[in-house]
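Q: Hi! Could you walk me through this protein? I'm new to this, so plain words please.
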Amino acid sequence: MSLAARVATLVLAFLAVVAVALFVVFHYFLGGPTTIDFSSGVKADTGATVHITLQEDPQNTVSTHPDWVSYFIKSPKTGGWVHTTLFKVPAGSRIDVTILGYDGCTPLRNPYWGKITGTIGQTVNVNGETVSQLNSWAGCNVAHTFSMPGIGLNVPVKSPPLTATLCGTSPCTSGPHSVETFSFMSPKVTGSYFWQCRIPCGGGFIDGFGGPMQTIGFMTGNMVVTD
Ligand SMILES: [Cu+2]
């Protein structure tokens, strides 16, 4: 092999190692879920209305954990579903939320989490019906919750009927699902507000609280409130 060929091989090998290192850094260390921005173009503290749509699924086939239960957020820019649980809203605004519930039921550990709190009117609209509670001990009918302790928000999300064949590919675009709508006021205090599902739905983990329950992009996330 000529000197030039050896130098070229060495340089190529070096560049390959650098490329792998950069991929690892960007993909695994810096490449967390993105934050979906619902605040741009909306003046904070005016009570303006912002619309947010989420879905919860029995799986997340676009992630490296295809068997983990997961939320998705609909991008207001593209209309596409994004594998994230991070979103940004303007302070002091009315947040209209729609959640599409595609996952099957898991009983709530405490009936308290079936009670709706923190929404305007202390109610949610479930498939067209206004309710203030979902009694998951009377029937297995709740899949996940959308709960934000910092503002006292708790919304159980109804599951499709027990015998339904659930959507098997995420993000779900068809299949049996519930439609829940509710509104709440975003706080006037800016910052990051943690939210999580209250059902220990991390199947295969001790007490169900590991895995998706503690991973951003699945069953826990943050609402960033901005001015
Ligand atoms: Cu859950």
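A: Happy to! One term to start: helices and strands here are DSSP runs, numbered from the N terminus, with at least four residues for a helix and at least two for a strand. Keep in mind that this is a predicted model.

Q: Okay, so in what order do the elements run from the N terminus on?
A: The order is α-β-β-β-β-β-β-β-β-β-β-β-β-β. In total, that gives one helix and 13 strands.

Q: And how is the chain divided into domains?
A: Domain 1 covers 1-31, and domain 2 covers 35-226. Their centres, taken over C-alpha atoms, are separated by 42 Å. The C-alpha trace of the whole chain spans about 80 × 45 × 30 Å along its principal axes.

Q: Let's look at strands. Which way does E2 pair with E6, parallel or antiparallel?
A: Parallel: E2 (residues 49-57) and E6 (residues 94-101) are joined by eight bridges. Leu-54, for example, has Ile-99 in E6 as its bridge partner.

Q: What about E2 and E3?
A: Those two run antiparallel, with four bridges joining E2 to E3 (residues 70-74). There, Asp-57 stands opposite Ser-70.

Q: Now hairpins. What do E9 and E10 look like?
A: They form a hairpin, with four residues between the strands. Gly-152 sits in the turn and has a positive phi of about 65°. E9 (residues 142-148) pairs with E10 in the antiparallel sense over six bridges, and Met-148 stands opposite Leu-153 in E10.

Q: Why is E10 described as largely enclosed?
A: Because five of its six residues (the strand is 153-158) are buried, E10 is largely enclosed by the rest of the structure. For the chain as a whole, 34% of the 227 residues count as buried.

Q: Switching topic: where is Asp-45, and what's up with its phi?
A: Asp-45 is in the loop between E1 (35-37) and E2. Its phi is near 60°, a positive value in a residue other than glycine.

Q: Is Asp-45 buried or exposed, and why?
A: Exposed, because Asp-45 has 12 other C-beta atoms within 10 Å, and a residue counts as exposed at 12 or fewer.

Q: And Asp-207?
A: Asp-207 also has a positive phi, near 60°. You'll find Asp-207 in the loop between E12 (191-196) and E13 (220-226). Asp-207 is exposed, with 9 other C-beta atoms within 10 Å.

Q: Last one: which residues does the cis peptide bond join?
A: Ser-170 and Pro-171, with omega at about -10°. Pro-171 lies in the loop between E10 and E11 (178-185).

Methods: Residues numbered from 1 in each chain as written. Predicted model: local features only at pLDDT ≥ 70, side-chain atom pairs only at ≥ 80, totals over all residues. Buried ≥ 20, exposed ≤ 12 C-beta atoms within 10 Å, placed from the backbone. Pairing = 2+ DSSP bridges. Domains from an automatic or database assignment.
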